[in-house]
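Biologist: I'm new to this one, and I'd like to know where the labels come from. Can you take me through them slowly?

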Amino acid sequence: MQADLPTLPRAAGLPINRCNLPAQILGGLTYQQHPAPLFIDNVAILHSDLFQRLARLGEASQRAEQFCDYVTIHFRLDDPSALGYRQGGRGRPKANWQRMLRGWFFDTDGREGAVLKAWVESRFGLLPRFHKGPIRDLSGDSYRAYLEARARGLYNTNALEAQLDLVYSYCQYELSLGYAGVSGNPHDSAGLAPAAPHLRLYRGVNKLEQIEQLGVSEQHQPVLLLNNLNSFSRDPERASEFGDRVVAIRVPRAKVFCFDSLFPGLLKGEGEYMVIGGLYPVDSWVY
């Protein structure tokens with residue numbers, strides 16, 4: 001008789017979010033095996049003009065340039081005074097989507113990392129499990145420290161979470177076309193089949209006891225509860241630089257927030273992918 005499969009713990013998700021599926025579903029094993037598209041509320045409607053423009057461009061580099069131009073103009077990133085920011089004031093107009101991504105690739109537990117984890121919490125209803133330390137008690141010190149970093153990161157910014165909504169939606173648009181980046185190594189290709197629902201990604205692990213394991217899958221592989229936002233790589237050798245062991249996981253395409261080559265010249269993560277969390281069965285141990 002098959003034992004009950006692990007489900008997303010109640011303490012790891014919120015009852016409400018801002019996308020088309022609740023956290024208990026998108027963070028669970030059934031979704032991992034049979035993923036469906038995720039849509040953040042109202043983005044497609046509010047920014048339909050952007051995606052119409054993207055559809056007329058045939059090159060990924062052209063679409064990336066169009067995206068950057070659109071976000072700059074829509075949010076007035078090059079003219080803070082138009083939004084009421086005053087020179088010498090307390091506003092933080094430079095805290096934009098680009099700075100958040102660069103901050104993540106530099107330090108996932110920094111202030112920018114807290115903002116991105118907070119964005120995942122708000123949009124997908126998945127709570128962080130780690131920020132400078134394990135988060136298991138929402139009244140504990142680790143969670144309070146995360147809340148403080150989140151508040152500092154979002155304070156007096158220019159619709160920062162709405163900017164991140166567009167980053168995710170643009171990433172999904174590119175993945176739907178089959179573009180998954182180019183890293184120049186044999187484990188990365190120029191893209192993937194447009195209909196491919198998963199990407200095989202790798203993560204280095206140092207201490208197995210620090211991973212939350214909630215049971216085993218139907219294939220008798222460990223089921224891991226990951227942080228609500230995580231760094232993975234398309235290259236197992238690159239992943240091995242960050243841990244003694246390397247785990248391979250099939251990640252639903254819809255749970256990729258961003259990857260470094262999505263914006264040429266902006267990020268230098270060397271094949272890094274930012275993956276939304278939840279329950280993931282291990283596909284295999286590479287090393």
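Modeller: Let's go label by label, keeping in mind that this is a predicted model.

Biologist: Fine. Why is Arg 53 said to form a salt bridge with Asp 49?

Modeller: The cut-off is a Lys or Arg side-chain nitrogen within 4 Å of a carboxyl oxygen of Asp or Glu. For Arg 53 and Asp 49 the N to O distance is 2.7 Å, so the pair qualifies. Both residues sit in helix H4 (residues 48–55), four residues apart, which is about one turn of the helix.

Biologist: What makes Arg 53 and Asp 49 partly exposed?

Modeller: Partly exposed covers the range between under 20%, which is buried, and over 50%, which is exposed. Arg 53 has a relative accessible area of 30%, so it belongs in that middle class. Asp 49 comes in at 32% and therefore lands there too.

Biologist: How do you know that Arg 150 and Glu 121 form a salt bridge?

Modeller: Their closest N and O atoms are 3.5 Å apart. That is within 4 Å, so the pair counts. This one links distant parts of the chain: Arg 150 is in helix H8 and Glu 121 in helix H7 (residues 111–124), 29 residues apart.

Biologist: Which of the classes, buried or partly exposed, does Arg 150 belong to, and which does Glu 121 belong to?

Modeller: Arg 150 has 25% relative accessibility, so it is partly exposed. Glu 121 has 8%, which is under 20%, so it is buried.

Biologist: And what makes Arg 129 and Glu 212 a salt bridge?

Modeller: Their side chains meet at 2.8 Å, N to O, and the limit is 4 Å, so they pass. Here too the pair links distant parts of the chain: Arg 129 is in the loop between H7 and H8, Glu 212 is in strand E2 (residues 212–216), and 83 residues separate them.

Biologist: Why are Arg 129 and Glu 212 called buried?

Modeller: Arg 129 has 10% relative accessibility and Glu 212 has 15%. Buried means under 20%, so both get the label. By the way, salt bridges that share partners also join Arg 123, Glu 161 and Asp 165 into one network.

Biologist: How many salt bridges are there?

Modeller: The count comes to 11.

Biologist: On to the strands. Why is strand E6 described as largely enclosed?

Modeller: E6 spans residues 272–281, and nine of its 10 residues are buried, so the rest of the structure largely encloses it.

Biologist: How do you know that E3 and E6 pair?

Modeller: Two strands pair if there are at least two bridges between them. Strand E3 (residues 222–233) and E6 are joined by nine, running antiparallel, so they clear that bar. One of the contacts sets Leu 225 against its bridge partner in E6, Leu 279.

Biologist: What makes E5 a partner of E6?

Modeller: Strand E5 (residues 256–259) and E6 share three bridges in the antiparallel sense, and the minimum is two, so they pair. Val 256 has Val 275 of E6 as its bridge partner.

Biologist: Why is strand E4 called mostly covered?

Modeller: Six of the eight residues in E4 (residues 245–252) are buried. Strand E1 (residues 198–205) is joined to E4 by eight bridges, antiparallel, with Val 205 opposite Arg 245.

Biologist: How do you know that E4 also pairs with E7?

Modeller: Two bridges join E4 to strand E7 (residues 284–285), again antiparallel. The rule asks for at least two, so that is enough. Ala 248 stands opposite Ser 284 in E7.

Biologist: What makes the surface patch positive?

Modeller: Lys and Arg count as positive, and the patch is formed by Lys 94, Arg 99, Arg 102, Arg 111, Lys 132 and Arg 152, so the name follows. Patch residues need over 30% relative accessible area. Arg 152, in helix H8 (residues 141–154), has 46% and therefore meets that cut-off.

Biologist: Last one: why is His 47 called buried?

Modeller: His 47 has 7% relative accessibility, under the 20% limit, so buried it is. You'll find His 47 in the loop between helix H3 (43–46) and H4.

Key
Residues are numbered from 1 along each chain as its sequence is written. This is a predicted model: local features need pLDDT of at least 70, side-chain atom pairs count only at pLDDT 80 or more; totals for chains, interfaces and linings use all residues. Side-chain values use heavy atoms; hydrogens and water are left out. Patches are made of residues with over 30% relative accessible area and no salt bridge: like charges are joined within 9 Å, nonpolar side chains (Val, Leu, Ile, Met, Phe, Trp, Tyr) within 5 Å. Accessible areas come from the Shrake-Rupley method with a 1.4 Å probe; for residues, only the protein chains shown count as cover. The place of a charge is taken as NZ of Lys, CZ of Arg, CG of Asp or CD of Glu. Buried means under 20% relative accessible area, exposed over 50%, partly exposed in between (1.4 Å probe, protein chains only).
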